[in-house]
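Trainee: Could you take me through one part of this structure in detail? I would like a close look at the ligand and what surrounds it.

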Amino acid sequence: MKKRVFSGIQPSGNLHIGNYLGALKNWVASQENFDNIFCIVDLHAITVPQDPKVLKQKIREVAGIYFASGIDPKQSIVFVQSDVSAHAELAWILNCFTPLGWMSRMTQFKEKSGDQRESVSVGLYDYPVLMASDILLYDTDEVPVGEDQKQHVEITRDIAQRFNSIYGETFKLPTPVIPKTGARVMDLLEPVKKMSKSDDREGRTLPLLASVDQLRSAIMGAATDSQKEIVFDMGRPGIYNLLEIYEGVTSLSREEIEARFAGKGYGDFKKELADRVIEFLEPFQKRYQDLTSDPAQLESLLTEGAEKAAEIAEKKMAEVKNKVGLG
Ligand code: TYM
């Protein structure tokens with residue numbers, strides 16, 4: 001029996017190189033060794049306002065990006081979260097076992113709500129419980145995510161433990177798996193903050209579906225520093241971030257990369273980084289175009305994925321309801 005992997009991405013904003021290096025790349029790399037479930041988490045997306053037409057399109061876009069990255073529907077279940085009602089149902093039940101104080105400590109909520117704390121939705125606050133439901137429904141062993149989601153996987157363990165201690169062994173405790181490189185790709189203009197798909201002002205992110213010109217100009221315009229040496233130094237966030245992206249798209253070792261750019265200037269390095277990113281994204285975008293040119297095919301893969309996911313999720317829901325005494 002293979003171990004189970006579960007992960008997901010919100011269909012909001014434009015997926016970027018950070019989502020690829022922090023999540024997708026690792027899903028694909030370990031796909032053969034696991035029993036995989038990859039979700040397009042549209043219920044999470046509506047925790048902030050969304051345009052319904054755009055949301056529907058973005059769901060298909062994320063599905064296309066999963067498959068273009070190399071997710072193989074023969075090896076992995078791919079589905080849309082709202083197609084399997086057990087996610088929302090379990091979230092409600094787990095809400096009733098999750099102390100308010102645990103949610104108040106979530107750093108992502110604090111960051112996202114900022115000074116709007118009184119007016120953001122209850123859904124945004126409760127988002128980690130929905131994420132816990134996603135993971136716990138499928139007896140997940142490993143959750144491959146970027147650094148920013150680690151806290152949410154840890155709270156998932158706490159929620160599972162609390163439920164198990166009341167009702168007996170019900171949920172498996174999942175482990176977050178964070179990549180060594182690309183776990184926190186930074187904003188190109190302000191490399192002290194995370195590259196974010198909800199902030200796609202020109203030049204800040206490298207969207208996976210961007211044009212060659214857009215990619216090149218964002219890389220050439222990325223913030224660096226007034227030093228010269230091209231080395232992996234975490235104290236120099238701009239150049240460190242660009243080097244990590246280089247490492248992520250080429251899979252060369254850090255020593256090889258530093259040796260390659262010894263004595264060269266930032267201009268030469270950025271130019272080569274742009275070439276490498278484009279070299280990587282061009283075939284990716286071609287696969288994306290091919291896959292999405294047949295919407296019916298994509299739709300049938302998602303329907304099939306939802307059926308398989310629902311079969312697993314419904315068994316767990318029946319067990320949970322029975323233990324809690326519902327129905
Ligand atoms: P989301 O949609 O914000 O991001 C999707 C994945 O990309 C990673 N990521 C990054 N990695 C490196 N650098 C960055 N700048 C960067 N930005 C994002 C994220 O860590 C994530 O792995 N709550 C989740 C979605 C979710 C989920 C789940 C994940 C819902 N249910 C269950 C795992 C399991 C989220 O909003 O990710």
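**The ligand site**

Mentor: Happy to! Keep in mind that this is a predicted model. A good place to start is the pocket: the space that the ligand takes up is the largest one. Around the ligand there is a shell of 28 residues, and the closest of them are Gln10, Tyr127, Asp134, Asp148 and Lys197.

Two of those names come back when you look at polar contacts. The side chain of Asp134 places an N or O atom 2.6 Å from a nitrogen atom of the ligand. Asp148, for its part, has a polar side-chain atom 2.4 Å from a ligand oxygen. Add Asn19 to the list too, with a side-chain N or O atom 3.1 Å from an oxygen atom of the ligand. As for cover, the ligand on its own would expose 710 Å², and the protein buries 98% of that.

Now step back to where the shell comes from. Domain 1 (4–178 + 295–324) and domain 2 (183–293) each give at least three residues to it. Among the secondary-structure elements, β1 (3–9), α1 (17–29) and α7 (122–136) each contribute at least two. Finally, sorted by class, the shell is made up of 12 nonpolar, 11 polar and five charged residues.

Key:
Residues are numbered from 1 along each chain as its sequence is written. This is a predicted model: local features need pLDDT of at least 70, side-chain atom pairs count only at pLDDT 80 or more; totals for chains, interfaces and linings use all residues. Side-chain values use heavy atoms; hydrogens and water are left out. A residue is near a molecule or strand if one of its heavy atoms lies within 4 Å of it. A polar contact is a pair of N or O atoms within 3.5 Å; within protein, one must be able to donate a hydrogen and the other to accept it, and residues adjacent in sequence count only if both atoms are side-chain atoms. Accessible areas come from the Shrake-Rupley method with a 1.4 Å probe; for residues, only the protein chains shown count as cover. On a 1 Å grid over the protein atoms alone, a cavity is a set of points where a 1.4 Å probe fits but cannot get out, and a pocket is an open set with protein on both sides within 12 Å along at least five of seven lines; lining residues have an atom within 4 Å of a point. A molecule sits in a cavity or pocket if more than half of its atoms lie within 2 Å of its grid points. Helices (H or I, at least four residues) and strands (E, at least two) are DSSP runs, numbered from the N terminus. Ala, Val, Leu, Ile, Met, Phe, Trp, Tyr, Cys and Pro count as nonpolar, Asp, Glu, Lys and Arg as charged, and the others, Gly among them, as polar. Domain bounds come from an automatic or database domain assignment.
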